[in-house]
Amino acid sequence: MSERNLSVPPFHRDHTVGQRSTSCPFQGIASRSLERFSPVRGDRLIERFESLKSSAPGSDQLAMTTHVPQGETTSRHRRGFRLTSRVFWDMAIYMVGLGLVVGLVFPPFALLLGVPEAIAYRPIFRSACLLAGFMVGAMNYALCRGVVGGRMEVLGGHLRSATSSITSATETGDWSEAVFERIHVDSNDQIGEAGRAFNSLLGAVEGRKELENRLRYQAYHDTLTGLPNRARFMERLAEADQFRQETGTPSAVLFLDVDNLKACNDSLGHEGGDILIKMLSERMISSTRDTDTVARLSGDEFAILLIGPGSAHQAERVALRIIDSLRAPVRIGEHLIRTGLSIGLATSDACAASDIDMLRAADLAMYRAKSGGKGRLEVFQPSHHTALLQRDAVRAELSGALDGEQLELHYQPIVDIATQQIVGFEALLRWRHPDRGLVSPLEFIPLAEETGLIVPIGRWVLQEATRQAAEWQNRSPLGRLRMSVNVSVRQFQHPDLVGDVAEALQRSGLKPSLLTLEITESLFAQDTAETTRKIELLKDLGVRLALDDFGTGYSSLSYLRRFPIDTLKIDKSFVDGVATSREGHAVVAAISQLGQTLHLEVVAEGLEDGDQLQALRGLDCPLGQGYHFSRPLAAGDAVKLLLTGKKPASSRISVPA
């Protein structure tokens, strides 16, 4: 065999792009394999290798394919390269090619090492050198592919896992189950940089997850006690009822109402009342099992859910233990306070027989316990429907209250915290019953919601509040005085709302920009399209919109992006701790900063004392409302407050000249 006829098996792989096919550039190397090596020829060989490699299809770009839709043909896969596959192909060309080059140049170099010329130029020696070079290059390629490919597979696995978690959490809105695993970076190369970039991305995603979890926790837990709130308790109650229907497992509910909490607040202030509430919650937890659910439903109302066989007897024992623990006075600071709990107990069996909800039945039993002397336990009986009938009587009387002119509005000032000037009022509904006197709104407004009477009552409130606001604008040179009116979910859903607002503005002559409609976050859980349409119609009228009790529901920031809200009203539960609690201070600071960033007006509700006022002033919260400034006043007293700046407690609020 002549030297020039030595053939080397080509190392190549075809890449199909259109109709072209390009093989490995080393097919032409064999014809010159036995030429004597010189530096010039070696350079030309390398140049030839580079020119042939650069002529390979797709060499001027790297195409990265992260997803191929189903149904694509095989040719579609051939037209695009995944980044890792292309990198490995380039490595194969370089490493095996370099090995062959070394095999070609080694025979002349072997002469310098003392190999006899007769041996160095034998075809079999040259073939062995080429084969050795090829094998070394191939092994280097295999080793690099294993190492680099393994690292790329780790990175790809993390990316796939993170993408799946983010996609799932984005679709469901629940980030609580999203789990992310960071990559351990042990190098400073490009793969290490990719790992660090991935870890940085996870940091941002985990921040979103933490925020969502914090908002979700606030939506389902009471701020003061950390217990589940009414929303979470109702979910657990529904689960227990479903479990009973499926398996027959009984359950029981305790409804607990704190006796004499108002007296404690009056004597020790709301801070003392908060201490009492937390102490009571701790005693409830210590008296129950880990499987029981203890929740705070409202200011002085708690509930406990027990599930399982014997739950009725267990609930009774829990209630008696709690009552016994409160027979002795409770020490709060330097004071001894006597308090107690009126408790109603309802079982799933009794409620199923009476066709009544367990929480409602326990509530009725609790009122029976409270009316029977407080500090005692009452078990729900079917006869307790009498109390329900009494509520029906109140509901019937309420239907005649509007026609009988028994409803009236009281007005609580909204004050500029920096200047102490009144900038507006919130209109609050009151019912002056001919026999019972002033009826608490907490007693009749829920009934009005249930019966739908809230719609005509809300229409009257709009007309009276706008009329009064327009009258105050005309009677005194006080400048622009705003009027805020609460709109319930049921009233907002009524098709006549926009027309009612327009009619009230037209009759009163009040400028639309001076009317603020206060809505709650629960409204956004309804028909979003209809809600959006109605909000746009209201904004077309020129009225302002305030988001009331901000932070107590599921406060998704998307609401503020999607809906044209003008004002955020910080709920009293957060303002209560602004001067005494690091968490309360942080929440109020965050909402205030959010309002400034989004150019929203912020009002702090339930401002009770000077310490809270000072804390809010330090947070640059612009507006405040609460008993520290004034309780809700009848129209005549509100006018006096506007003109004189005096309230019944003799503290002063300056008014604009």
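This passage walks through a sheet, two of its neighbouring features and a set of salt bridges in a predicted model.

A good place to begin is the open sheet, which is built from five strands in the order S2-S3-S1-S6-S7, with mixed pairing. S2 and strand S7 (377-379) stand at the edges with a single partner strand each, so one side of each has no neighbour in the sheet. On average, and with direction ignored, neighbouring strands of this sheet are turned by 20 degrees against each other.

Starting from the S2 edge, strand S2 (residues 293-296) pairs with S3 in the antiparallel sense over four bridges. Together, S2 and S3 form a hairpin, with four residues between the two strands. Two positions help to locate this pairing in the model: Ala295 has Ala303 of S3 as its bridge partner, and Thr293 stands opposite Leu305 in S3.

Strand S3 itself spans residues 301-307 and is mostly covered, with six of its seven residues buried. S3 is also joined to strand S1 (residues 251-259), in this case by seven bridges, and S1 and S3 run antiparallel. Within that pairing, Leu306 of S3 is the bridge partner of Ala252. A helix accompanies this part of the sheet: helix H7 (residues 230-247) lies across S1, S2 and S3. The direction of H7 makes an angle of about 25 degrees with S3.

Moving on through the sheet order, S1 is joined to S6 by eight bridges, and these two strands run antiparallel. Leu256 can serve as a landmark here, as its bridge partner in S6 is Ile343. Strand S6 covers residues 340-347, and eight of its eight residues are buried. Which residues of S6 point one way, and which the other? Gly340, Ser342, Gly344 and Ala346 point to one side of the strand, while Leu341, Ile343, Leu345 and Thr347 point to the other, and all are buried.

The pairing of S6 with S7 is parallel and extends over three bridges. Ile343 appears again in this pairing, where its bridge partner in S7 is Leu377. With S7, the edge of the sheet opposite in the order to S2 is reached.

Strand S7 also leads to the salt bridges, for which the count comes to 25 in the model. Glu378, which belongs to the 377-379 stretch of S7, forms a salt bridge with Arg376, and the closest N and O atoms are 2.9 Å apart. Are these two partners buried or exposed? Glu378 has a relative accessible area of 16%, so it counts as buried. Arg376, at 29%, is partly exposed.

Another salt bridge links the side chains of Asp324 and Arg327, with an N to O distance of 2.9 Å. Asp324 counts as partly exposed because its relative accessibility is 46%. Arg327 has a relative accessible area of 55%, so it is classed as exposed.

A further example is found within a helix. Glu530 forms a salt bridge with Arg533, and the closest N and O atoms lie 2.7 Å apart. Both residues belong to helix H17 (residues 528-541), where they are three residues apart, about one turn of the helix. In an α-helix there are 3.6 residues a turn, so residues three or four places apart point the same way. Glu530 is partly exposed, with a relative accessible area of 30%, and Arg533 is likewise partly exposed, at 41%. Elsewhere, salt bridges that share partners bring Glu426, Glu518, Lys569 and Glu605 together in one network.

The last stop is helix H22, which spans residues 635-644 and in which Ala638, Val639, Leu641 and Leu642 are buried. How do these buried residues fall when seen down the axis of H22? They lie within an arc of 160 degrees, so they line one face of the helix. On the other side of H22, Lys640 and Leu643 are exposed. Just after the helix comes Gly645, which takes a positive phi of about 75 degrees.

Key: Residues numbered from 1 in each chain as written. Predicted model: local features only at pLDDT ≥ 70, side-chain atom pairs only at ≥ 80, totals over all residues. Heavy atoms only, no water. Buried < 20%, exposed > 50% of the residue type's maximum accessible area, 1.4 Å probe, protein only. Arc of directions from axis to C-beta. Pairing = 2+ DSSP bridges. Axes fitted to C-alpha atoms, helices over the stretch in contact; angles between N-to-C directions. Contact = heavy atoms within 4.5 Å. Salt bridge = Lys/Arg side-chain N within 4 Å of Asp/Glu carboxyl O.
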